[in-house]
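Student: Could you pick one part of this model and take me through it closely? I'd like to know how that part fits in with what surrounds it.

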Amino acid sequence: MFSSVEAMLSASAEKPLWQAVLEDDCRDRGADPEASLNRMGGLWQAMKQSVQDYDPTRRSPCGLSGGQGAQMATLANSICGPFIQEVMGVALKLGEHNACMGCIVAAPTAGACGVLPAVLVPLQRKDRLGDEEMVRCLYTAAGFGQVIATRASISGAEGGCQAEVGSASGMAAAALVAARGGSPKQMAAACAMALHNVLGLVCDPVAGLVEVPCVKRNVIGAVNAIAAADMALAGIESRIPVDEVIDAMGEVGRRLPVEFRETALGGLAATPTGKAVKKQLHGDKKKQRTLTIKDSRWKLERSEEAEEPAVKDSPKGKKGS
Ligand code: SF4
């Protein structure tokens, strides 16, 4: 397992970076390359399927999310242009699909599940790339993601949204550079620039649900990744090396007050509107109630008293939302 991007780049001195990541994965899990490739290929197909499966008529159980991914495509003459418009639409769709209990690939987390597909699925179509090339891009993304998870965090509860959407954005930026045939050094620069652009981003889900602002933050993660990748491909470098950017992100995350780490006690969750939404959804504290999620196999029984998050440090090693 690579503990630094520098080590990953050294390992890829005489081979493509994606291959160094693949070999590292095989060593780690005792898998053979074919099994690893099959598994990654399955994840790529699942990502594409999740975009296909998006249903614009569907709404999340609480009604906060749904329909906006399709709405994005209705804008005529987008300021961003057709490609970015499509990217934004896919990011919204996947965030909503997740909120509606659809099947997504949590790469690196469910909350940030829209970022990688939002940039890679439209790029495959635009550049007419094969699935094999896209799977290699996923290995590149995974390599950078693994270093971020090792040195810092990919969990909103540990490091804020910079660790979730920010990590996804850094992974996506590196993958985009790979898709365009950039060098490993450019991939590292893209990841660094994407990460430092969102440094300090807090995790503040309204009513504790992975919907507001999470769905739209996937859009920002995706567009930020494209900007960082283009800068890197133009030869622009990050003044701060990527490993140091990752370490800084980890430090910022550790020093974020708990209110900004997925407790829903700060930021947008603590605004008057955020609190009103929470009250409307959860009602009075002492009431017990059953929330039945329509149109799904799930039935969730919750105690309102148990929903109030405790103000304390989140447990180490908690996975992202
Ligand atoms: S739950 Fe927090 S970290 Fe995850 S996407 Fe939402 S705001 Fe970001």
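Tutor: Let's start with a word we'll need: a residue is buried if 20 or more other C-beta atoms lie within 10 Å of its own, exposed if 12 or fewer, and partly exposed in between, with the C-beta atoms placed from the backbone. Our part is Asn 218, which counts as buried because it has 31 C-beta neighbours inside 10 Å. Keep in mind that this is a predicted model, where local features need pLDDT (the predictor's confidence in each residue, from 0 to 100) of at least 70, side-chain atom pairs count only at pLDDT 80 or more, and totals for chains, interfaces and linings use all residues. Residue numbers start from 1 along each chain as its sequence is written.

So where is our residue? Asn 218 sits in helix α11, which covers residues 214-233. The labels come from DSSP runs numbered from the N terminus: helices are H or I runs of at least four residues, and strands are E runs of at least two. The protein chain has 14 helices and two strands.

Now look at who surrounds Asn 218. Two residues are in contact if their C-beta atoms, again placed from the backbone, lie within 7 Å. Skip the neighbours within four places in sequence, and Asn 218 still touches Ala 91, Leu 94, Gly 95, Ala 112, Gly 114, Val 115, Ala 118 and Val 165. Another nice pair to find is Asn 218 and Leu 116: they are 102 residues apart along the chain, yet their C-alpha atoms are separated by 9.1 Å. The whole chain has plenty of such long-range links, as 77% of its contacts with a separation of 6 or more are between residues 24 or more positions apart. Of its 321 residues, 48% count as buried.

Next, step back along the chain from our helix. The loop between α10 and α11 holds Pro 213, and the peptide bond from Val 212 to Pro 213 is cis, with omega near 10°. There's another cis bond between Ala 107 and Pro 108, where omega is about 5°; Pro 108 belongs to the loop between α5 (82-99) and α6 (115-127).

On the other side of the loop with Pro 213 is helix α10, residues 184-197, and you can check its length yourself. The expected span of a helix is 1.5 Å times one less than its number of residues. The 14 residues of α10 should therefore span 20 Å, and the end C-alpha atoms are 20 Å apart, which agrees. This helix is mostly covered, with 12 of its 14 residues buried, including Ala 190, Cys 191 and His 196. Our helix α11 is part of the cover over those buried residues, along with others such as α9 and α12 (242-255).

Ala 190 also leads us to the largest nonpolar core. A nonpolar core is a set of buried Ala, Val, Leu, Ile, Met, Phe, Trp, Tyr and Cys residues joined through C-beta atoms within 7 Å. This one has 95 residues, and Ala 190 is among those with the most contacts inside it, as are Val 119 and Leu 176. Helix α9 (residues 161-179) brings the largest share, 13 residues. Leu 176 itself, leaving out neighbours within four places in sequence, is in contact with Val 119, Leu 123, Ala 190, Ala 225, Ile 226 and Ala 229.

Helix α11 also has a part around the ligand. A residue is near a molecule if its C-beta atom, placed from the backbone, lies within 6 Å of it. Of the 15 residues around the ligand, Gly 111, Gly 156, Cys 161, Cys 203 and Cys 214 come nearest. Both α9 and α11 supply at least two residues of this shell, though α9 gives the most, with three.

For contrast with Asn 218, find Asn 77 in the loop between α4 and α5. Asn 77 counts as exposed because it has 7 C-beta neighbours inside 10 Å. Asn 77 also has a positive phi of about 60° although it isn't a glycine.

Finally, how far can you trust the picture? The mean pLDDT of the chain is 91, with 88% of residues at 70 or more. Residues 286-318, though, have pLDDT below 50. Where pLDDT is low, the predicted coordinates shouldn't be read in detail.
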